[in-house]
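Hi,

Here is the structure I promised to pass on. Please have a look at it first, and then read on for my notes.

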Amino acid sequence: MSYHLNARQREEVYKKCELRYPEVCSHCQKTLKECEMVKFYLHHTRYDVDPKDPEYIRFMCKSCNKLEIFSRILP
Ligand SMILES: [Zn+2]
């Protein structure tokens, strides 16, 4: 299974996440404005499920997305 979403898929998933989660970084809780971002990164919490399932996706800001703990593939 590929975890790379194309632009259209990302757009769809992003919309689902917007309905499901508050629009803040799931880690530092900052808003888009505080992070000076237009859109959050979509962080996958699992890599063995459908990559388009919002249940396993969280919003993440630029700085948190760079953290090593989140760059590793989770079991
Ligand atoms: Zn953050």
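The chain has four helices and two strands. Going along the sequence, these elements come in the order α-α-β-β-α-α. Please keep in mind as you look that this is a predicted model.

Two numbers describe the chain as a whole. Of its 75 residues, 9% are buried. As for the contacts with a separation of 6 or more, 62% of them are between residues 24 or more positions apart.

I also noted two spots in the backbone that you may like to look at on screen.

The first topic is glutamine 29. You will find glutamine 29 in the loop that runs between helix 1 (7–20) and helix 2 (32–35). Its phi is near 65 degrees, which is a positive value in a residue other than glycine. Is glutamine 29 buried or exposed? Glutamine 29 counts as exposed because it has 11 C-beta neighbours inside 10 Å, and the cut-off for exposed is 12 or fewer.

The other topic is glutamate 36. This residue sits in the loop between helix 2 and strand 1 (41–44). Here too the residue is not glycine and phi is positive, with a value near 55 degrees. Glutamate 36 has 9 C-beta neighbours inside 10 Å, so it counts as exposed as well.

To put the two together: glutamine 29 is in the loop that leads to helix 2 from helix 1, and glutamate 36 is in the loop between helix 2 and strand 1.

Do write back once you have had a look.

Best wishes

Conventions: Residues are numbered from 1 along each chain as its sequence is written. This is a predicted model: local features need pLDDT of at least 70, side-chain atom pairs count only at pLDDT 80 or more; totals for chains, interfaces and linings use all residues. A residue is buried if 20 or more other C-beta atoms lie within 10 Å of its own, exposed if 12 or fewer, and partly exposed in between; C-beta atoms are placed from the backbone. Two residues are in contact if their C-beta atoms, placed from the backbone, lie within 7 Å.
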